[in-house]
Structure formats: structure tokens, C-alpha cells
Amino acid sequence: MGKKSSKKKFHFSQEWAKAFHKVVGFNNSDTLLLTSLTRLRDTEFDLLEEMGIPLGQCLHGEQEYESFQSLTIGKEIEYCSEFTQFVEKKGALGSMVFLIFTTTFHNKSQLMAKSQTTLVYLKGKK
Amino acid sequence: MASSGVVPKQKWKSFTADQLRDYAKVSGDSNPIHLDPAAAKKAGLKGVIVHGMFIASGLEAWTLDFFQMQFPKSNRNIKKISTRFKAMTFPGENLLIEGEYRQGAGSTTEIDLKVTNEAGELKISSKVLVEN
């Protein structure tokens, strides 16, 4: 726990926003959905890889996004994830590990948003 | 602005395997359990499942449209979204939305939404905080 990803940057271009909104069914071209930040989950995936956990054995359990500044098209976002919590439970489906990551999103050093992701790692049946 | 109200249960949408591929490209989430039936079965699933965030983003878009219809003068500025993925959604499943909204702290509205399938299985619950 406490393991941090490297920092990455992503530019929310008009082209990307148009493509994302078309796929998810959003008909407003002026603003970005808060959940557009899902595009920036690659730092979580990087941490999973470093931890030796296959993405293909993880389910998405919970997702929270909190906005502090409006996320607008054209902004470049710098982001970084941290692995913050680990809980293992045993049940009928075998051992399940809950992995919690927090990610912060900045534009020009200003905190734009933060997220918390809970993944469920299916380690297989007992 | 009304302080509270109900979002009546209504038909929403379903997802196709082609749409999952399109979403994987644009979102960067290429987890094989969403794209490759063999990989999904290896993970213990009966087939590929819809990306939870695909549904969540569609739900955010739906929420903004709903808010615009209910409260045309609102800024529709979403401050927080908390989503729980309760059950897996498979391509072809018809999804429904229902929920309720109430006045939140300050000039905000809280919206609780549930996405279910036609059998009533809860797929997603979401709490959205909107600045009016």
C-alpha cells in the first residue's frame, strides 16, 4: 500500500471528446462528462501490472469521482494513482481481494478532481 | 426548483459487443473480460461483460438530459458521482432506470439512480450530486 504510479498527462481534445460522447450517448459538445476521467485509469492499470495482478481477473466494484473545477474540453490533465487499501475476503466464489486506488487530476498544478476506484481481484476458487 | 421527486422506472438501453469494442478504444479500457469470450470464461464469467464505466458514463449523460428537462435553468454542474457495480451486465440485456431526487446541501440536488434489467436484477446504483 502507498505505492504510487508515475505521473502521466492527457489532453482532452475536441476530437477525443466527440468520439467518447458519441460512444456513450452524450449529445452536448460543449462540456465534458465527469466520467470522462475514466480515460485516465491507465495509471491504475500500471500499478496492477507492477503488483503482478492480471487486469483480466479484476472486476470493477465501485467508482467515485469528485470534481473541484469544471473539466472542459482542451485542458491537459496531469494525473497520478496510488494504491491505498487492500482487503481480502473468502466466500463461495473463492478468495476475493478488494483493491482500492485513489487518483488525483491536476491542470497547471490546480486540483481539478479526484477519484476512488475499487477493483475486485478474483483469485480463483479455493 | 422542486425539492424532491421521483424518476419513474423507464426503459433505457442495451449494449452490443460492437459497442464494447468502440468503448474500449475510446476509453483505453481493454480488459479482455469485456472483449474476448475466451478470456471472460477463463476469469470464471459466462461471457463478456459490459464495462461498468460504459454504463456509468451513459448514466451520467442520461442524468444531465433528465436534469435539463426537469430544471431548464440549472447549470447542471455535476460535483460528485458515486457508483456501485452490483451485478454484471451482459450484451443484449435490456436495462431500465429508476430513482429519486431531493434538495441537497446549499444549492445542490442529490439524485439516487438504480439500473436494473427486466428481471429486476440490480446492476448499478449511483448517487449523483448536481450543483443547480
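Here are some exercises with worked solutions on a predicted model of two protein chains, A and B.

**Exercise 1. Get to know the two chains**

Work out how many helices and strands chain A and chain B have, and in what order they come.

*Solution.*
Step 1: Start with chain A and count its elements. You should find two helices and five strands.
Step 2: Walk along chain A from the N terminus. The pattern you get is β-α-α-β-β-β-β.
Step 3: Do the counting again for chain B, which has three helices and five strands. Along the sequence they are arranged as β-α-α-α-β-β-β-β.
Step 4: Add the dimensions. The C-alpha trace of chain A spans about 50 × 30 × 20 Å along its principal axes, and for chain B the spans are about 50 × 30 × 20 Å.
Step 5: Look at burial. Of the 126 residues in chain A, 47% are buried; of the 132 residues in chain B, 51% are buried.

**Exercise 2. Contacts along the chain**

Take the contacts in chain A between residues at least 6 apart in sequence, and find what share joins residues at least 24 apart. Then try chain B.

*Solution.*
Step 1: In chain A, that share is 68%.
Step 2: In chain B, residues 24 or more positions apart make up 64% of the contacts with a separation of 6 or more.

**Exercise 3. Two helices from two chains**

How do α1(A) and α1(B) pack: roughly parallel or roughly antiparallel?

*Solution.*
Step 1: Find the helices. In chain A, α1 covers residues 14-24, and in chain B, α1 covers residues 17-27.
Step 2: Recall what you need to describe a pair like this. Two packed helices are described by the angle between their axes and the distance between the axes.
Step 3: Get those values: the angle is about 150° and the axes are 10 Å apart.
Step 4: Compare with the cut-off. Angles over 145 degrees count as roughly antiparallel, so α1(A) and α1(B) are roughly antiparallel to each other.
Step 5: Add the handedness: this crossing is left-handed.
Step 6: Name the residues that touch. From α1(A) come Trp16(A), Ala19(A), Phe20(A), Val23(A) and Val24(A), while α1(B) brings in Asp22(B), Tyr23(B) and Val26(B).
Step 7: Sort them by class, and you get seven nonpolar, no polar and one charged.

**Exercise 4. A second partner for α1(A)**

Describe how α1(A) packs against α3(B), and which residues meet there.

*Solution.*
Step 1: The angle is about 90°, with the axes 9 Å apart.
Step 2: Angles of 65 to 115 degrees count as roughly perpendicular, so that's the word for α1(A) and α3(B).
Step 3: On the α1(A) side you'll find Phe20(A), Val23(A) and Val24(A); they meet Phe54(B), Ser57(B) and Gly58(B) of α3(B).
Step 4: By class, this contact has four nonpolar, two polar and no charged residues.
Step 5: Zoom in on Gly58(B). Leaving out residues up to four places away in sequence, Gly58(B) touches Val24(A) and Trp12(B).
Step 6: Is Gly58(B) buried or exposed? Buried means under 20% relative accessible area, and Gly58(B) has 3%, so it's buried.

**Exercise 5. Find the cores**

What size is the largest nonpolar core, and which residues have the most contacts inside it?

*Solution.*
Step 1: The largest core has 60 residues.
Step 2: Phe12(A), Trp16(A), Leu37(A), Leu40(A), Phe105(A), Trp12(B) and Ile97(B) have the most contacts inside this core.
Step 3: Ask which element gives the largest share: helix α3 of chain B (residues 52-70), with ten residues.
Step 4: Apart from this core lies another, with eleven residues, including Leu47(A), Leu48(A), Ile53(A) and Phe101(A).
Step 5: Now look at helix α2 of chain A (residues 42-50), where Thr43(A), Glu44(A), Phe45(A), Leu47(A) and Leu48(A) are buried. The buried residues of α2(A) pack against β1, β2, β3, β4 and β5 of chain A.

**Exercise 6. Odd backbone angles**

Where do Lys108(A) and Ser109(A) sit, and are they buried or exposed?

*Solution.*
Step 1: Lys108(A) is in the loop between β4 (94-107) and β5 (110-122) of chain A. Ser109(A) lies in the loop between β4 and β5 too.
Step 2: Check phi. Lys108(A) isn't a glycine, yet its phi is positive, about 50°. Ser109(A), also a residue other than glycine, has a positive phi near 70°.
Step 3: Exposed means over 50% relative accessible area. Lys108(A), at 78%, is exposed, and Ser109(A), at 73%, is exposed.
Step 4: For a glycine example, go to Gly52(A), which follows α2(A) and has a positive phi near 75°.

Technical notes. Residues numbered from 1 in each chain as written. Chains lettered and ligands numbered in written order. Predicted model: local features only at pLDDT ≥ 70, side-chain atom pairs only at ≥ 80, totals over all residues. Heavy atoms only, no water. Helix = DSSP H or I, 4+ residues; strand = E, 2+ residues; numbered from the N terminus. Buried < 20%, exposed > 50% of the residue type's maximum accessible area, 1.4 Å probe, protein only. Core = buried A, V, L, I, M, F, W, Y, C linked by side-chain atoms within 4.5 Å. Contact = heavy atoms within 4.5 Å. Axes fitted to C-alpha atoms, helices over the stretch in contact; angles between N-to-C directions. Parallel < 35°, antiparallel > 145°, perpendicular 65-115°, else oblique. Left-handed = near helix turned anticlockwise from the far one by under 90°. Nonpolar A, V, L, I, M, F, W, Y, C, P; charged D, E, K, R; others polar.
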